[in-house]
Every structure is written in C-alpha cells, then in structure tokens.
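Biologist: Before I rely on any of the terms used for this chain, I would like to hear what each one rests on.

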Amino acid sequence: MRITTLLRRLLGLKQTVVVGFELTETELVVDVKPSTRLAICSCCGRRARRVHDRRPRTWKHLDFAGMRVLLRYSIRRVDCASCNTTTELVPWAEPNIGFTRPFEDYVAYLAQRADKTTIASMTGIAWRTVGRIVERVVARRGSKSRLDGLRHIGIDELSYRRHHQYVTVVTDHERGAVVWVSEGKSAETVRKFFQELGPERNAALHSVTIDMSAAYIEAVREHAPTAILVFDRFHVQRKAHDALDEVRREQVRQIRGTEEGKALKKTRWALQKNPWNLTRPETEKLSLLSKRNRAPYRAYLLKEALVGILNRRQLLCRSAETRRVV
Ligand SMILES: [Zn+2]
C-alpha cells in the first residue's frame, strides 16, 4: 500500500485526496486536496466561475499516535455569480474554520465528559473556542432524527467566552454524540429540550445524567418522571470534598491561634488527595490528624469510604455490560 493511500484511510475523510506529507518530531502535516476538480463556492454551494488565486491554509485534525495532525491545502479564492469573491468549499471543514469536522465532533463530545483543563491539554485549543465548536456540531446534525431513540442521556452546562455565556448541552451516552444545545443554563433551558423531545420520547428515556442542581432535578422529574436520575460521580465526590473542607475549616476556627490550628490549616491538600498520591510528609500530617483532630479525620474517612463505594459501583456496572456512567 502506498503511504498516501494509508494516510487517506487513516484520516477517514470523504472526497479528500492525499497528495503528500511532511513529518516533524511532533507534527504530521498532510497535504490534501478535494477529490473534485471543480471549485465550489463556500457561500452558496454553486460552481464557481473563475479562480482568482490560492492561499495556503492549514486545518487541525485529530491527533494520531500522539502527534499533532494538520491538513494543508492552498485554498482557491473564487468568483461566484451570486456571492462575488469567496473561498472555495473544502470537503473536510466548514467554511472559514480552521478545524476539520471529525476534530470538532471529538471536541463537542469531550466538552460533555471532561473538565476544561483536560480538554485544553487533550486538544490544544482554548476553552472559549469549545463553546462555538459545540454550537457548530449541533447545527450540522440539524435534523430532528438525532432526538429519536434516546435512552440514556446526559445534561450539562458549559461556560465559554470567559464564563460570561453558558450553553446547555445534551449528550446521547449510547452514541457518544451531542444531540442538542441551547444558550442558557437554567431549568427553563432544560424544559425547552424536553418540550422539543415531546411526551412520547420523554417517556422512552431510561436515565438522565445531570449535575446535582435542584433546578435540573425538578425539570427532569417534571418531564421524564420514569427516567432514573443519575448524578455524575465527580459531582457526588465534589460534594463530599466540600463537606470535608467545611468540617476542617470549622475546626480551624475553633482552635485558631494554636500550633495545632496552624498545622490543621496546612492539611487541606493532603485531605483532598487520593491516598496513593500522598507524599511522605502528607501521610505524616494525616497520621497526626487521626490522633489530634477526630472530627476532620472522621470526615476524611467518610469521604474515602464514599470514593470506595463509587469505585465499586463502577466495576459492577462494567461487569453488567451497561454503558451507563455512574
Ligand atoms: Zn456563491
């Protein structure tokens, strides 16, 4: 097999031909071109009359084997009868967007499942870009059929543009795809989703994963009363972490000014960490805590017990071959 054929298969892009590539230590740049020779106007989709010139451009694609992958192509600027001068339509990306469609699909899925630091480090893109990508992905899937056959869904909010704007994102856990998105993060926004889904499809929902906000819970109970409410384990764990920190801070207040109080103040990170990540000084801190400060230590043990239960539950779920997330 020729290497360009191999690359074309790896890229998995339709109507795209691989004409060459360049490999650096961290990056694979693949030279591509549309498989059709005719230039299509990216505004109206009609055949362009004339080609003006070409401008070199790159598009970020899915990483491969730990390497950044870029597509490179000199895009044609064209004359269109109705849109004047525009650029041609390329089969791998939306007009004027520097990411390929598979990359955007991946980001949109990730946006539902991971925190922003993880997404930023996994994809190498800024958080504020994520919101716009999610909107595009959902618009692309535009048809109503994406809402058919839903059984296990997740509803989550996602902030972008420096946290000033929010979108609510609904994911189909089974297909691993974003199926609905709308601006806002209130119960009202969630209600809009259920209204669009309609009574029949609401009744077919088996489970809905949400964060633990009362407004979301109420909206789900109201529209899909037969669905099981599932809380993401990290939201549950976060509550235990917060409670533990509250107990610790209360104790610090009580013994303020003493040596013991000062020592307790410094235990915050040790208490929040997983036991297997503790450094030796942190282990010593906890050992001292177990003797001196019973209340925070007890809260710590309760938090660890909860984590243990959640780990156990996840194993059970896997063994039962359900694809649900607990
Ligand atoms: Zn046009």
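The conversation below takes the terms one by one and sets them against their definitions.

Modeller: This is a predicted model, in which local features need pLDDT of at least 70 and side-chain atom pairs count only at pLDDT 80 or more, while totals for chains, interfaces and linings use all residues. Residues are numbered from 1 along each chain as its sequence is written.

Biologist: What makes the chain more spread out than a compact globule?

Modeller: The secondary structure of the chain comes to 11 helices and 10 strands, where helices (H or I, at least four residues) and strands (E, at least two) are DSSP runs numbered from the N terminus. Its radius of gyration, taken over C-alpha atoms, is 26 Å, well over the 20 Å that the globule rule gives for 326 residues, so the chain is more spread out than a compact globule. That rule is 2.2 Å times the number of residues to the power 0.38. Along its principal axes the C-alpha trace spans about 80 × 55 × 40 Å.

Biologist: Which domains does the assignment give?

Modeller: The bounds, which come from an automatic or database domain assignment, are 3-97 for domain 1, 103-231 for domain 2 and 235-316 for domain 3. The centres of domain 2 and domain 3, taken over C-alpha atoms, are separated by 33 Å.

Biologist: How do you know that the largest nonpolar core lies between two domains?

Modeller: A nonpolar core is a set of buried Ala, Val, Leu, Ile, Met, Phe, Trp, Tyr and Cys residues joined through C-beta atoms within 7 Å. Buried requires 20 or more other C-beta atoms within 10 Å of a residue's own, exposed means 12 or fewer, and partly exposed is in between, with C-beta atoms placed from the backbone. The largest such core has 52 residues, and Ala111, Val134 and Val169 have the most contacts inside it. Strand E4 (residues 67-80) gives the largest share, 6 residues. Domain 1 and domain 2 both give residues to this core, so it lies between them. A second, separate core of 6 residues includes Leu244, Tyr297, Ala299 and Tyr300.

Biologist: What makes strand E7 largely enclosed, and how many bridges join it to E8?

Modeller: Of the 8 residues of strand E7 (residues 165-172), 6 are buried, so this strand is largely enclosed by the rest of the structure. Two strands pair if DSSP finds at least two bridges between them, and 6 bridges join E7 to the antiparallel strand E8 (residues 177-183); one of the partnerships is that of Thr168 with Ser182 in E8. E7 and E8 form a hairpin with 4 residues between them, and Gly176 in the turn has a positive phi of about 65 degrees.

Biologist: Why is Gln15 called exposed?

Modeller: Gln15 has 11 other C-beta atoms within 10 Å, and is therefore exposed. Gln15 lies in the loop between helix H1 (3-11) and strand E1 (16-23), and has a positive phi of about 50 degrees although it is not a glycine. Most residues other than glycine have a negative phi.

Biologist: What makes E9, helix H6 and E10 a right-handed unit?

Modeller: A crossover is right-handed if, with the strands pointing away from the viewer, the path from the first strand over the helix to the second runs clockwise. E9, helix H6 (residues 214-223) and E10 make a right-handed β-α-β unit. Strand E9 (residues 207-210) and strand E10 (residues 228-231) run parallel and are joined by 4 bridges, with Ile228 in E10 as the bridge partner of Ser207.
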